[in-house]
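Subject: The structure we talked about

Hi,

Here is the structure I promised to send over. Have a look at it first, then read my notes underneath.

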Amino acid sequence: MNIDLENIKKIYFIGIGGTSMSGLALMSKINGKEVLGSDMRPCVYTEKLEKNGIKVIIGHNKENITDDIDLIVYSAAIRENNPERVEGKNKGILELERSVYLGLISRYYKRTIAVSGTHGKTTTSSLMSLVFLNANLDPSISIGGTLKKINGNSRVGDSDYFVIEACEFVDSFLHSRHFVGTIQNIEKDHLDYFTGGLEQIKESFRKFAQITPKDGMLVVNGDDENVLDILEGLECKIVKAGLSDSNDFVAKNITYDKFGNPNFDVYKHGEFYHNFELNIPGEHNVLNALSVVAVADFFMIDKEVVNDSFKEFTGAKRRFEKRGIVNDITVIEDYAHHPTELKVTIDACKNYEHNKLFVIFQPHTYSRTFLLFDEFVEAMKGADELILNDIYSDREDNEWNIYSEDIAKKVVEKYNIPSRVISEFSDIRDYVVKNAKAGDFVLVAGSQSINQVAYDIVEKLKEVYK
């Protein structure tokens, strides 16, 4: 797309409070653009934008779209009939979907590193960003979670390096141009868009891989058959990372501390490379870290810088984030919204010493819940008690006639795990506070508003046990 961003002076973001959108808005402001935007409700991201001098309007209204706006950027959740998009079209204002705008920005950098995969993108891109920062490479950053080092999810650096989180939903990652790409894994997800199922998803990831230039590099999970299926005929350098000896970078001798945090040796082409230590739990994070090791090696970043960064990193925001411990009741929240993410997060919880594990989950989108129903049921089998919130869907209607009650009923039937659906956040809070005992573990999982429950539970526990 031939658009000269130098000629764009004023940008309006619809859905500016989103994780990625807020980061792009802030990057645009730092790059000298006049920025404003709208969202349906205030949040931590809109508060940060306002503190940085960006006007945020609550609610979508056609009057917000003025003639002096040069570009409208909208998130994938904003439909065509949104009044601000409609008014923008009526006024002939250029509009771009978020991923297209990010793609335009990525073309300004010679060393863009794009992190993709069905799972692990935010953690891996956050780790990658921290390594590049600590290596004094002054990267620009656009990721899907808050990185403590920069107190945000975006940064404008003064180098050719740009670390981005590359999402496959609506083929978003095909708009960017990267020098190095990673594919953490490929599974069925976003089936409301990928109506052709796994084969369509694999084809999308293959197109992403084909963007990688001949002199660049693609790091892939060599233990994932779906990933291996898309590699034939690629012209770029391919580096495989995983747990089996067939990979170029292999993690071996994995051990865990009492919090489930791994220590592991890495071998490169069969030769010992380095020992690494993570401050985030689970085997899945070993695989995430391996991709970072491979990319750091490609750019000749010192191994000790990588390991020190791994030790420093305690997780991206809303990725296995500890909300508090009250009366020896531990409350964790996690962004997990896909069955595989739920399973590995529940497994990570069980690595901690605990008595009973309460899992609170808010499903996201009717299509995902319906089409991955059996996988969701299986993911819950590690829970001792399951509490489901109503399905949250901001981009589709319930044409599948699927409800959280269906999951609860099946989990009871298949695994005999006590399961219930509670619609009100306050009722979930009160139920857990009443029933959780010292030594119990509470996981609040989901990609949308359910994270508020984790805060509420901690605050209520403090009231009870003050």
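Below is what I found, going roughly from the N-terminal end onwards.

Before anything else, keep in mind that this is a predicted model.

**Helices 1 and 4**

Start with helix 1 (residues 19–30) and helix 4 (residues 98–106), whose axes come within 11 Å and cross at roughly 40°. That angle makes helix 1 oblique to helix 4. The crossing of helix 1 past helix 4 is left-handed. If you want to see the contact, display Ser20, Met21, Leu24 and Ser28 from helix 1, which meet Arg98, Tyr101, Leu102 and Ile105 from helix 4. Sorted by class, this contact between helix 1 and helix 4 has five nonpolar, two polar and one charged residues.

**Strand 11 and the loop before strand 10**

Next, go to strand 11 (residues 217–221), where five of the five residues are buried. In a regular strand, side chains alternate between the two faces of the sheet. Here both faces of strand 11 are covered, with Met217, Val219 and Asn221 buried on one side and Leu218 and Val220 buried on the other. Strand 10 (residues 180–183) runs parallel to strand 11 and is joined to it by four bridges. Gly181 is the residue that stands opposite Leu218 of strand 11.

Glu168 caught my eye too. It sits in the loop between strand 9 (161–165) and strand 10. Is Glu168 buried or exposed? Its relative accessible area is 2%, so Glu168 counts as buried, the cut-off being under 20%. Leaving aside residues up to four places away in sequence, Glu168 touches Gly117, Thr118, Lys121, Phe173, His190, Phe194 and Phe205.

**The six-stranded sheet**

Further along there is an open sheet of six strands with mixed pairing, in the order 16-17-21-18-19-20. Strand 16 (321–326) and strand 20 (419–421) are at the edges with a single partner strand each, so one side of each has no neighbour in the sheet. On average, and ignoring direction, neighbouring strands of this sheet are turned by 15° against each other.

Within the sheet, strand 18 (residues 357–361) and strand 21 (residues 441–445) run parallel and are joined by five bridges. One pair to look at is Val359, whose bridge partner in strand 21 is Leu443. Helix 13 (residues 404–415) packs on the sheet and touches strand 19 (385–388) and strand 20, and its direction makes about 170° with that of strand 20.

**Helices 14 and 15**

Last, helix 14 (residues 425–435) packs against helix 15 at an angle of about 45°, with the axes 9 Å apart. Helix 14 and helix 15 are therefore oblique to each other, and helix 14 passes helix 15 in a right-handed crossing. On the helix 14 side the contact involves Phe425, Ile428, Arg429, Asp430, Val432 and Val433, which meet Gln452, Val453, Asp456, Ile457, Lys460, Leu461 and Val464 of helix 15. By class, this contact of helix 14 with helix 15 has eight nonpolar, one polar and four charged residues.

Asp456, in helix 15 (residues 451–464), is worth a click. At 22% relative accessibility, Asp456 counts as partly exposed. Asp456 and Asp430 are 26 residues apart in sequence, with a C-alpha to C-alpha distance of 9.2 Å.

Happy to go through any of this together.

Cheers

How values were computed:
Residues numbered from 1 in each chain as written. Predicted model: local features only at pLDDT ≥ 70, side-chain atom pairs only at ≥ 80, totals over all residues. Heavy atoms only, no water. Axes fitted to C-alpha atoms, helices over the stretch in contact; angles between N-to-C directions. Helix = DSSP H or I, 4+ residues; strand = E, 2+ residues; numbered from the N terminus. Parallel < 35°, antiparallel > 145°, perpendicular 65-115°, else oblique. Left-handed = near helix turned anticlockwise from the far one by under 90°. Contact = heavy atoms within 4.5 Å. Nonpolar A, V, L, I, M, F, W, Y, C, P; charged D, E, K, R; others polar. Buried < 20%, exposed > 50% of the residue type's maximum accessible area, 1.4 Å probe, protein only. Pairing = 2+ DSSP bridges.
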